Amino acid sequence: MSKEKKVAIIGGGASGLLCAIFCAKKSILVDVYEQNSKCAKKILASGNGRCNITNTNLTCNDYFSQNHHFVDYALKGFGFNEFEKFCQNIGLLLDVKDDGRVYPLSNEAKSVASLLIAHAKNLGVNFHTDTKITDIKKLFNDYDSVVVATGSEAASQLGGNSDGYNFAMEFGHNIIPTYPSLVQLHLNSKIVKKMSGAKVEGEVSLLINNKKELTPQGHFLQGACSGDILFSDYGVSGFAILDISQAASKALMEKVPVSISINLLPKFDLQKLSNHISKIAAQEPKITIFEILIGLIPMKIASAILEDLGILTSICANEINVKLSKKIANQILNWRFEVTDTHGFRHAEVSGGGVDTTEINPKTFESLKQKNLYFCGEVLDVVGRRGGYNFAFAWASGFLAAKDITKV
């Protein structure tokens, strides 16, 4: 392969870095243009600084796209085994969890970013930081291939923007409407502000048009999502919320009514919880209903539950009948809230929508509208669920783009 062949990569994130490394390995001259002062900012921020780098279980069902099977070839062409081998070659050892999530053995996102950048530099990749590309067509005057790895609008504080979509449109590409994903939700409720800071391990079910989203077509949502639920001034966050946010955000964008049902005590059913409340009330007739509830749920939430039901916290146990016990139990197990909005792109981990993948070759990630123009990573209309899936697609797409660019 001639050293004279040149490729420009716009974006020094996960897909851009991997593409740069595999291009440079084949003796191609690689220039990476990064608008930030440092590359890999989203890698550094991922997983609360730990970097959930990939997952061992990768299928198209872990992704949402208008073109559902677009990811199939990439995940097979550069799946977990191939990625692990690459990591071993650059000295990055992995820690595989029982649920399939994978982290660097160092447990630090910094090590992932540092090793990728160091390896790329050792291969001769040229990094142009603090450099924002505004005219993509000019690059074709100097480069044989151009790779758009700009990411999405998510996490604007880390450099997220719509540049990649604008570049794509210059070549006639269609853009699927974008929306925040893996993001917190705003609720139409004054009561949530009073619970701000309270946290539970519970379950959340998503309702779209007042129907529970159990196994929606083309979504990766699977029934009720379990995990931590954190109340805030604006609504709710936590892993359980992030897991339903893709479907919720897309429905909101489409102006469809969205609500959630929160189960604060998933280990109970209605009868068991109602019986517990009645039993404690009978045993301790002088304590209040509030005091019974704080033996089950955080104080802020217990107070809010009763206020929402119009029940005084001072009601004594001897005033609690079976009907009231069931009413309270039902609220704890099925607390409904209207979702009004997401917390926006700035707070989203990733974005749904993007460059229409029906206009991209799934085996090479080359544009079907412009020869030698490639799109990889989050700029495409592919969004994965939480658990390392978005990184997995970034690595795979960057690899396949490089494979095509370097073919003889």
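**Exercise 1.** In this predicted model, work out in what order the 5 strands of the open sheet are arranged and which of them are the edge strands.

*Solution.* Begin with the order, which runs β7-β2-β1-β8-β18, with parallel pairing. Next, look for strands that pair on one side only: these are β7 (126–128) and β18 (373–375), the edge strands. Then consider the twist, for neighbouring strands of this sheet are turned by 20 degrees against each other on average, direction ignored. Finally, take one pair in detail: β2 (residues 29–33) and β7 pair in the parallel sense over 3 bridges, and Val 32 has Phe 127 in β7 as its bridge partner.

**Exercise 2.** Describe how helix α1 and helix α14 cross, and what kinds of residues make up their contact.

*Solution.* First find the axes of α1 (residues 14–24) and α14 (residues 389–405), which come within 8 Å and cross at roughly 35 degrees; the crossing is right-handed. Then list the residues that meet, including Leu 18, Phe 22 and Cys 23 in α1 and Phe 391, Trp 395 and Ile 405 in α14. Sorting the residues of this contact gives 12 nonpolar, 3 polar and no charged.

**Exercise 3.** Identify the residues with the most contacts inside the largest nonpolar core, and follow one of them to its surroundings.

*Solution.* The largest nonpolar core has 80 residues, and those with the most contacts inside it are Val 30, Ile 43, Phe 86 and Trp 395. Its largest share, 12 residues, comes from α14. Now follow Phe 86: leaving aside neighbours within four places in sequence, Phe 86 is in contact with Leu 18, Ile 21, Phe 22, Lys 25, Phe 78 and Leu 116. A second, separate core has 53 residues, among them Ile 191 and Cys 225.

Terms used:
Residues numbered from 1 in each chain as written. Predicted model: local features only at pLDDT ≥ 70, side-chain atom pairs only at ≥ 80, totals over all residues. Heavy atoms only, no water. Axes fitted to C-alpha atoms, helices over the stretch in contact; angles between N-to-C directions. Helix = DSSP H or I, 4+ residues; strand = E, 2+ residues; numbered from the N terminus. Left-handed = near helix turned anticlockwise from the far one by under 90°. Contact = heavy atoms within 4.5 Å. Nonpolar A, V, L, I, M, F, W, Y, C, P; charged D, E, K, R; others polar. Pairing = 2+ DSSP bridges. Core = buried A, V, L, I, M, F, W, Y, C linked by side-chain atoms within 4.5 Å. Buried < 20%, exposed > 50% of the residue type's maximum accessible area, 1.4 Å probe, protein only.
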